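Here are my notes for you, as numbered points. Keep the model open while you read, and look up each residue as it comes along.

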Amino acid sequence: MDQKISQLQQYIAEANQITFFGGAGVSTESGLPDYRSSTGRYKELERKGIDPKVLMSKRFMLNHPEIFFRRPDKESAPKKPEPNAAHYYLAKLEEARKDIRIVTQNVDGLHQRAGSRFVLELHGSDHYWYCMDCERKYQRAELTRDEEGIPRCPIDRGIIRPAVILFGENPDPSVIQKSKDTIAQSDLLIIAGTSLSVYPAKNLTHYFKGKHVVVINEEAIPTPKLTIDLFIQAPVGQTLSRLPNPLDTFI
Ligand SMILES: [Zn+2]
């Protein structure tokens, strides 16, 4: 394991541009359940007899906002999750002037809260919401809800929804394009906390043409089109916190 950590440190030190491609596993150490594992949000919904693909769809949000905005998928999640060692390590890497770019499948905004400035959110974001009528943006904390629990725009009473990509909606094409470009330009790709099982994550990593691919995940993942140089089978935060502090190393 120590040898793997030194190898990772060496790859990071040598890289000119790094893409960190992350999924739910990056936030599980912040207490956020992932989606697809046996303890994940989707399984929890299924146990309650709810099909997550139905609940988390645009159609359901429009037809049953009073149920959608109760967010039964979030009942067991902590009220205010905090960034963990993985988010802080990446933010410090940027502070130490490494060109680290984050492409994430998470919608929790924890990378930005930790201080990262280059974050592409493939599935949108749960940390800002917008009015479906006038498109005014709102922070989650400032939402006011009507008697049915539906967040309403104080200006025009439109429904305020999270900026996440729901089932039945397409990812933002400009975010996809920027992610492809970033991956294609990087010389180090770190894939972390994701099974790469969902579109568009699955295909995006194929654009990598750089030197080294590192996978940090608790389970092995299928990457038929990528050669993995280093696989660290461990939680992401735990792994990154074992690396030397970038602020002591890179500046
Ligand atoms: Zn409005």
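Is Arg101 buried or exposed? Hold that thought until point 2.

1. Some ground rules. This is a predicted model, so to speak of local features we ask for pLDDT of at least 70, and side-chain atom pairs count only at pLDDT 80 or more, while totals for chains, interfaces and linings use all residues. Residues are numbered from 1 along each chain as its sequence is written, and side-chain values use heavy atoms, with hydrogens and water left out.

2. Back to the question. Arg101 is buried, with a relative accessible area of 17%. The words have fixed cut-offs: buried is under 20% relative accessible area, exposed is over 50%, and partly exposed is in between, with a 1.4 Å probe and protein chains only. The side chain of Arg101 meets that of Asp99 in a salt bridge, 2.9 Å from N to O. A salt bridge here is a side-chain nitrogen of Lys or Arg within 4 Å of a carboxyl oxygen of Asp or Glu. Asp99 itself counts as partly exposed, at 31% relative accessibility.

3. The strand around them. Strand E2 covers residues 99-104, and five of its six residues are buried. (Strands are DSSP runs marked E of at least two residues, helices are runs of H or I of at least four, and both are numbered from the N terminus.) On one hand, E2 is joined by six bridges to strand E1, residues 17-22, and the two run parallel. Phe21 has Val103 as its bridge partner in E2. E2 also has three bridges to strand E3, residues 119-121, again parallel, with Thr104 opposite Glu121. Two strands count as paired if DSSP finds at least two bridges between them. A handy thing to remember while you look: in a regular strand the side chains alternate between the two faces of the sheet.

4. More salt bridges. The structure holds six of them. One joins Arg113 to Glu82, with the closest N and O atoms 3.0 Å apart. This pair links distant parts of the chain, 31 residues apart: Arg113 is in helix H7 (residues 110-114), and Glu82 is in the loop between helix H5 (65-68) and helix H6 (85-95). Arg113 is partly exposed at 40%, and Glu82 is partly exposed at 43%. Another salt bridge has Glu169 and Arg161 meeting at 2.8 Å, N to O. Here Arg161 is buried, with a relative accessible area of 3%.

5. The zinc site. Which residues hold the zinc ion? Cys131, Cys134 and Cys153 each coordinate it through SG, and Asp156 does so through two OD entries, at 2.2 to 2.5 Å. Donors are N, O and S atoms within 2.8 Å of the metal (3.2 Å for Na, K and Ca), and because water is not among the atoms, sites may look incomplete. Along the sequence the donor residues follow the spacing C-x2-C-x18-C-x2-D. Cys153 is buried, at 0%, whereas Asp156 is partly exposed, at 30%.

6. A pocket to find. The second largest pocket has a volume of about 270 Å³. It is lined by 15 residues, and the closest to its centre are Gly124, Ser125, Tyr128, Ala163 and Asp172. Two or more lining residues come from each of strand E4 (124-131), strand E6 (160-164) and helix H8 (173-185), and E4 gives the most, with four. On a 1 Å grid over the protein atoms alone, a pocket is an open set of points where a 1.4 Å probe fits, with protein on both sides within 12 Å along at least five of seven lines; lining residues have an atom within 4 Å of a point. Grid points are joined across faces, edges and corners, and the volume is the space filled by probe spheres set on the points.

7. Two backbone oddities. Most residues other than glycine have a negative phi. Arg157, though not a glycine, has a positive phi of about 65 degrees, and sits in the loop between strand E5 (137-139) and E6. Leu196 is not a glycine either, and has a positive phi of about 50 degrees. Leu196 lies in the loop between strand E7 (188-192) and helix H9 (201-204), and is buried at 6%.
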